Amino acid sequence: MDTSMRRASVQMADIDAHTYRDWLASGRATVWVPVGALEQHGPHLPMGTDAILSRRVATAAAEATGGLVAQPLAYGYKSQQKSGGGNHLPGTISLDASTIIGLTRDLVVSLLRQGARHVVLVNGHYENYQFLYEGIDLALRELGLGPGAESSVLLLSYWDYVSAQTLEAVYPDGFPGWDIEHGGVLETSLMLHLEPHLVELGRAVDHPPARLPRFDRLPVLPSRTPASGCLSAPTGSDADKGRLLFEQVTADLADDVATELGLRL
Ligand code: ZN
Ligand code: MN
């Protein structure tokens, strides 16, 4: 069976299981799993921003590399004050670490056991990363897959693919850092490019980047989070920056993964 198969969509949820099985039988199947969060993103962006963006990035990369996209993991680990404003804010609906580790482990075991050759987790929520890593590690242990196995799992956060050149174009006045890019120029510009009907730029608040201590204090002092809920202002966001970010990130990401896994672009 042709690995490009007859399918109108790269979303697994949209295709039938018989078509999926034929694709798995090619022995080269790569399943992309978007991971996000349901989390406050200030007054101008929707709470689903992280899951929306990771799904759009994963979809573009899967289309470019002949992969399929699994249902997103749409909830994430607890928002932390220094990277997402904090878990105390209504509109931030979070999982305990043990839950996200378990979900990741179950998904990876299920996908690989049924014949996916590779799984690529595309993370869109800063706080998730290490718990996804742990879930993958436990899944491989359960499956008995060690160094030298033909199957593999890749884990990445999509912003790690933003190039230095793109960064300069998007942040002409200086880059504040990925940790406080919460509801800021990156996410707002990407949303203006991809889902403009979900952005209310007129409600965006301009304020200096949050000044946060080097330590984590628990419980948090809520006053340390700007009232907007954003850690840096979205001022300067536009759809052109979003297009630049999206096209550069998805092209480099697809190319990198295709090279790593021996997929044809
Ligand atoms: Zn976000
Ligand atoms: Mn987030």
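Biologist: Of the contacts in the chain with a separation of 6 or more, what percentage comes from residues 24 or more positions apart?
Modeller: That share is 76%. One thing to keep in mind as we chat: this is a predicted model.

Biologist: Good to know! How many helices and strands are there?
Modeller: The chain has 8 helices and 6 strands. Reading from the N terminus, the order is α-β-α-β-β-α-β-α-β-α-β-α-α-α.

Biologist: And is the whole thing compact or stretched out for a globular protein of that length?
Modeller: The chain is as compact as a globular protein of its length, because its radius of gyration of 19 Å is close to the 18 Å that the globule rule gives for 265 residues. If you like to picture a box, the C-alpha atoms fill one of roughly 55 × 40 × 30 Å along the principal axes.

Biologist: What share of the residues is buried?
Modeller: Of the 265 residues, 50% count as buried. As for the surface, the chain exposes about 12600 Å², and carbon and sulfur atoms supply 51% of that.

Biologist: Let's go inside, then. Which residues touch the most other members of the largest nonpolar core?
Modeller: Those are Trp32, Leu121, Tyr158 and Val257, in a core of 62 residues. Helix H8 gives this core its largest share, with 8 residues.

Biologist: Why would such side chains gather like that?
Modeller: As a general tendency, nonpolar side chains in soluble globular proteins are buried together.

Biologist: Which residues does Val257 touch, not counting those up to four places away in sequence?
Modeller: Val257 touches Trp32, Val120, Leu154, Leu156 and Leu263. Trp32 is also one of the core residues with the most partners, as we just saw.

Biologist: New topic: the metals. What holds the zinc ion (ligand 1)?
Modeller: The zinc ion (ligand 1) is coordinated by His41 through NE2, by Asp50 through OD, and by Glu187 through OE, which is listed twice. The distances run from 1.9 to 2.8 Å.

Biologist: What sort of geometry does the site have?
Modeller: The site is irregular, with angles of 51 to 134° among its 4 donor atoms. For the tetrahedral label, all angles would have to lie between 85 and 135 degrees, so an angle of 51° rules that out.

Biologist: How are those donor residues spaced in sequence?
Modeller: The pattern is H-x8-D-x136-E. His41 sits in the loop between strand E1 and helix H2, while Glu187 is in helix H7, so this pair ties together parts that are 146 residues apart in sequence.

Biologist: Are His41 and Glu187 buried or exposed?
Modeller: Both His41 and Glu187 are buried.

Biologist: Which residue bridges the zinc ion (ligand 1) and the manganese ion (ligand 2)?
Modeller: Asp50 is the bridge, and the two ions lie 3.4 Å apart.

Biologist: Back to helix H8 for a second. Is Asp240 buried or exposed?
Modeller: Asp240, which is found in helix H8, counts as exposed because its relative accessibility is 60%, and the cut-off for exposed is over 50%. The C-alpha atoms of Asp240 and Ser189 are separated by 7.6 Å, although these residues are 51 apart along the chain.

Biologist: What about Ser157, buried or exposed?
Modeller: Ser157 is buried, since its relative accessible area is 3% and buried means under 20%. Ser157 belongs to strand E6, and its contacts beyond four places in sequence are Asn123 and Tyr129.

Biologist: Last one! Where is the cis peptide bond with omega near -10°?
Modeller: That bond runs from Leu218 to Pro219. Pro219 lies in the loop between helix H7 and helix H8.

Note on methods:
Residues are numbered from 1 along each chain as its sequence is written. Chains are lettered from A and ligands numbered from 1 in the order in which they are written. This is a predicted model: local features need pLDDT of at least 70, side-chain atom pairs count only at pLDDT 80 or more; totals for chains, interfaces and linings use all residues. Side-chain values use heavy atoms; hydrogens and water are left out. Helices (H or I, at least four residues) and strands (E, at least two) are DSSP runs, numbered from the N terminus. Buried means under 20% relative accessible area, exposed over 50%, partly exposed in between (1.4 Å probe, protein chains only). Contact means heavy atoms within 4.5 Å. Donors are N, O and S atoms within 2.8 Å of the metal (3.2 Å for Na, K and Ca); water is not among the atoms, so sites may look incomplete. Four donors count as tetrahedral if all angles lie between 85 and 135 degrees; four count as square planar and six as octahedral if opposite donors are over 155 degrees apart and all others between 65 and 115; anything else is irregular. A nonpolar core is a set of buried Ala, Val, Leu, Ile, Met, Phe, Trp, Tyr and Cys residues joined through side-chain atoms within 4.5 Å. The radius of gyration is taken over C-alpha atoms; the globule rule is 2.2 Å times the number of residues to the power 0.38. Accessible areas come from the Shrake-Rupley method with a 1.4 Å probe; for residues, only the protein chains shown count as cover.
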